[in-house]
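Got your viewer open? Let's take a short walk and pick things out as we go.

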Amino acid sequence: MAKKPARKNAGIGNPAKRAAQAELDSRLTPADQRVLTEFSAWLGTQSEISAPSPELEVKGLNGLLASVRATGTNPVTPDAVAHLVDVALTKVEDAAEVEPQVGEQVAAACFGVLGDYLGFREDNDSDPAPWQRARLKAQQKLDDYFGNQSLAEDFLDQESALARHLDDAAAIAALDTDAAVRRDALLALSSMAGIKDLLAWIGDGRETDRAGEPREEDRSTVFAHLLPGATYTEEDLPLLTSWWDSLITSEVLDVAHGQVTAGPVTGWHSPTGTSVDTVEGVAHGFLAEAVSRITELHGRVEATELLAWTLAPALPSQEFTQAQARAAAADELKDMDDKANQAVDAALAALVRLGFVTGDRNHPAVPATLRRTVAQGLRLAGIYTMLDEDDLFRDDPEG
């Protein structure tokens, strides 16, 4: 797996990331923000979208619109579609300089977002004809750029067997287990059960450090909500900040002006007040953040994919039988070096410690009620590793 543009200061808090996001958002006008809100609502009505979640897709469009707005062009008109395509192609070229495979992944992400955005416009504008013409022009530009190949078909064929396996495993788990049972199983994990007490501790607000993370003197208290009974050490900081940051991303927490408060996602004070979709979204977001951050810190981002192969036999799907999954995993894992092995071991140990996985490298197991979350989390971790959701969809003021 190719290395992504790194998440700066991964695992110890990142003031630059949040400052850059704020700078990016400041470029957008109220009209731009209204389009993003309406796009998000439209994504929620679709049976299939290009990104793993509406939030990630809206973030991608946010970056594209902001890049065009920064040039002085109104990004939410049909004529601006050509500019959006140009911005996306620039991101593809920049990523391809890191590794051709990364360029392919960025292209699939960017143009998937654009395709959905145009579908939203065609469905909702009183006159869809200008958007339909813009789509045709964009497709022609992409066909010329990629050598007269259908972009959709080109990248669909490149979707990995592992990605298909994880998607299918998540779908099967949703069919095989009752939603309420899955929700209760997740709420029994300390990382989900601890949210209620964390919010109670935060109350009307608590100070954060300059990066928006827990202050040093508060880390052991916050960690006690994540893993009750465990003694906090500095080695636990990546796990702590992964939990904290994933709760911000999931809007369970809100951080602004050096203060953390409860976010808009509510219901954590009542076991019946939180939907399974919300709980699974928060849980798989935390799993993805923890895995991708731990493998980065060990200097082997490709270990995210190797971890997914390790767990593939424990996640039933129609893509592989268990025997086929074991054989495919063995083939992928046979050439791991010591550093990659250490990264996989560290990430797997974290998942075992958090209760998502049981067993060991040779005989991993995932409880049936957690398989959907684990499959979705590993899928999202792979995307984080290949294309950071913050860095690839924005112009970085740091250059």
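Start with L199, which sits in helix α10, residues 190–202. Keep in mind throughout that this is a predicted model. L199 is buried, because its relative accessible area is 10%, and buried here means under 20%. Now add H225 to your selection: L199 and H225 are 26 residues apart in sequence, and their C-alpha atoms are 9.8 Å apart in space.

Next stop, the rings. A search of the whole structure turns up 8 aromatic pairs. Select Y117 and F120 to see one tilted pair: the ring centres are 6.2 Å apart and the planes meet at 35°. Y117 and F120 both belong to helix α5, residues 100–124, and because they are 3 residues apart, about one helical turn separates them. Are these two buried or exposed? Both Y117 and F120 are buried. Widen the selection to F39, W42 and W131 as well, and you have one aromatic cluster together with Y117 and F120.

Now pick W309 and F320. Their ring centres are 6.0 Å apart with the planes at 50°, so this pair is tilted. The pair links distant parts of the chain: W309 is in helix α14, while F320 is in the loop between α14 and α15, 11 residues apart. W309 and F320 are both buried.

Stay here and show the two helices on either side of that loop. What angle do α14 and α15 pack at? Helix α14 (residues 303–311) and helix α15 (residues 322–333) pack at about 150°, and their axes are 8 Å apart. That makes α14 roughly antiparallel to α15, since angles over 145 degrees count that way. The crossing of the two is left-handed.

To see where they touch, select E305, L306, W309 and T310 in α14, then A328, A329, E332 and L333 in α15. The residues of this contact divide into 5 nonpolar, 1 polar and 2 charged. You'll recognise W309 from the ring pair with F320.

Last, two loop residues with an unusual backbone angle to look up. E251 is in the loop between α12 (237–249) and β2 (253–256). Phi of E251 is near 65°, a positive value in a residue other than glycine. With 44% relative accessibility, E251 counts as partly exposed.

Then move along to H257, in the loop between β2 and β3 (259–262). Phi is positive for H257 too, near 55°, and this residue is again not a glycine. H257 is exposed, with a relative accessible area of 82%.

How values were computed
Residues are numbered from 1 along each chain as its sequence is written. This is a predicted model: local features need pLDDT of at least 70, side-chain atom pairs count only at pLDDT 80 or more; totals for chains, interfaces and linings use all residues. Side-chain values use heavy atoms; hydrogens and water are left out. Axes are lines fitted to C-alpha atoms, for helices over the stretch in contact, and angles run from 0 to 180 degrees between N-to-C directions. Helices (H or I, at least four residues) and strands (E, at least two) are DSSP runs, numbered from the N terminus. Angles under 35 degrees count as roughly parallel, over 145 as roughly antiparallel, 65 to 115 as roughly perpendicular and the rest as oblique. A crossing is left-handed if the near helix is turned anticlockwise from the far one by less than a right angle, and right-handed if clockwise. Contact means heavy atoms within 4.5 Å. Ala, Val, Leu, Ile, Met, Phe, Trp, Tyr, Cys and Pro count as nonpolar, Asp, Glu, Lys and Arg as charged, and the others, Gly among them, as polar. Buried means under 20% relative accessible area, exposed over 50%, partly exposed in between (1.4 Å probe, protein chains only). Rings of Phe, Tyr and Trp (its six-membered ring) pair if their centres lie within 6.5 Å; planes under 30 degrees apart count as stacked, over 60 as edge-to-face and the rest as tilted.
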